[in-house]
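Open the model in your viewer and keep the selection panel at hand. The stops below go from one pair of helices to the whole assembly and then to the place where the chains meet.

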Number of protein chains: 2
Amino acid sequence: MSARAAGNLKDVNTEEHIVAQAKQLFFAVGKLSASTQEIADFAGVKRTLINYYFGSKQKLFDRAFDEMRYSFNASLSEVLGSIASVYDKVAGLIDTFTTFMEQYPYFNIFLITELNTTKKRKKEIIQRYQRQELENFYMEIQQEMDAGNIPKMDPFNYYVNIFSLVSYPIIMRPYYDRIFNMTKKEMDSMYQKRKQDILRLLFINQ
Amino acid sequence: MSARAAGNLKDVNTEEHIVAQAKQLFFAVGKLSASTQEIADFAGVKRTLINYYFGSKQKLFDRAFDEMRYSFNASLSEVLGSIASVYDKVAGLIDTFTTFMEQYPYFNIFLITELNTTKKRKKEIIQRYQRQELENFYMEIQQEMDAGNIPKMDPFNYYVNIFSLVSYPIIMRPYYDRIFNMTKKEMDSMYQKRKQDILRLLFINQ
DNA sequence: AACTTTGTTGACACTTTTGTCAAAGATTTT
DNA sequence: AAAATCTTTGACAAAAGTGTCAACAAAGTT
């Protein structure tokens, strides 16, 4: 249904359309190792168009990945670079990251699997990011710790904890749905409470 | 070097040897979609032996996965089923899970990717686990919350948090090594502190 | 030691997947 | 509207991966 009507030309940009659908298939649906045929079917185009526009499957993947990375970093920067309070920044990170993870749960997974097993392109693919914003955030965190509002630990670990607490349960959700003895309703309510539970865990006196 | 000498018969059980090596390749090295040739090379045997002993690649994978799952559940049960204090149980879970994750970081990842995208075998592969132990643990957690020793939240979320805080950073470590502006030494020390930091985060007054 | 069973090997066939290319169809430019 | 350019398509070739099989080798049994 979402497939492009065949021969429906130029009302959409085919190239962009393919990338967009590939991002969905890879990072939302989770078919990280979809074949070119699967990608083409999903996008509703002929397989050869992938080669025409991107040269190879790998280059399409790189393109999709780069776009994901860019938009993810942008949304992080928006929070970290703001003038909000530390508490609001933490809440903002939780919020932003939750949204992102729910939309693209497999993006993180790709970072791990493919990146570690594909020996090449290690250096180029990742640029150090948000150095200044991060240093600044660490400092603010440290101040809150000194003030007793945040459990004392290395600010880096604190930062990592935010992402851990948000990301992991979302990634594992389909698995948890099966192993834990709960109805979908119960599970939903559990997951809905998480944002607040996390925030309360990360901030002592709120 | 670790490869079996060719023709070196019966000093080791070839079948077990292949499974053991496959577990390493899949869940420690991270080659979740290794070809039969890669598996065979890694184990130092001829590729056809995989078919001889296991019938198909899938069956070898299932076997490796089942063994992993079994040992993982066993180590969890050992902690949850013990008579230790809640604090010690939480510390034990952190410890056990850290060890497991460091040894087989890709086991969790498989649970997500393959399991969600491979439509078949959803039901059979996972059995509900540790129901009684878990219910009991929830109850103990709740008591500690009531006593004010643990931040108040749903015990399920608390339980999930333990695994989130341990697992996610280990999974992401290779990625973090590159994006964060730290030396290996700094990163190591950060990760070493984590166990205590996590425990302190999860228990208020310790 | 002959026989049977178990283990190992290389060759082959089959399937899946990727990428190329020439031809056909559309769109834009002149 | 003719020419040039861009887009789409099906057919083909090449590569990679999986499983089967018959033959050979080793170990165990009688």
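**Stop 1: two helices in chain B**

H4(B) and H5(B) lie roughly antiparallel to each other, a label given to angles over 145 degrees. The model is predicted, so local features need pLDDT of at least 70 and side-chain atom pairs count only at pLDDT 80 or more, while totals for chains, interfaces and linings use all residues. Residues are numbered from 1 along each chain as its sequence is written, and chains are lettered from A and ligands numbered from 1 in the order in which they are written.

Select residues 57-80 of chain B for H4 and residues 86-103 of chain B for H5. Helices here are DSSP runs of H or I with at least four residues, numbered from the N terminus. The two axes come within 9 Å and cross at roughly 160°; axes are lines fitted to C-alpha atoms over the stretch in contact, and angles run from 0 to 180 degrees between N-to-C directions. Now show the side chains at the contact: Phe72(B), Ser75(B), Leu76(B), Val79(B) and Leu80(B) come from H4(B), and Lys89(B), Gly92(B), Leu93(B), Thr96(B) and Phe100(B) from H5(B). Residues are in contact if their C-beta atoms, placed from the backbone, lie within 7 Å.

**Stop 2: both chains**

Zoom out to chains A and B. A rotation of 180° with 0.0 Å of shift along its axis superposes chain A on chain B, with an RMSD of 0.1 Å; the fit is by least squares on the C-alpha atoms of residues with pLDDT of at least 70 in both. The two copies are thus related as by a two-fold rotation axis. To find the axis, select Ser164(A), whose C-alpha, at 2.7 Å, comes closest to it among the residues of chain A.

**Stop 3: where the chains touch**

Contacts join 41 residues of chain A with 41 residues of chain B. On the chain A side, select H6 (105-117), H9 (155-179) and H10 (184-202), each of which supplies at least two residues. H9(A) gives the largest share, 16 residues.

**Stop 4: a crossing between chains**

Keep H10(A) and add residues 155-179 of chain B, helix H9. Their axes come within 10 Å and cross at roughly 65°. H10(A) and H9(B) are therefore roughly perpendicular to each other, the label for 65 to 115 degrees. Met190(A), Lys193(A), Arg194(A), Asp197(A) and Leu201(A) of H10(A) make the contact with Phe156(B), Asn157(B) and Asn161(B) of H9(B).

Technical notes: Two residues are in contact if their C-beta atoms, placed from the backbone, lie within 7 Å. Angles under 35 degrees count as roughly parallel, over 145 as roughly antiparallel, 65 to 115 as roughly perpendicular and the rest as oblique.
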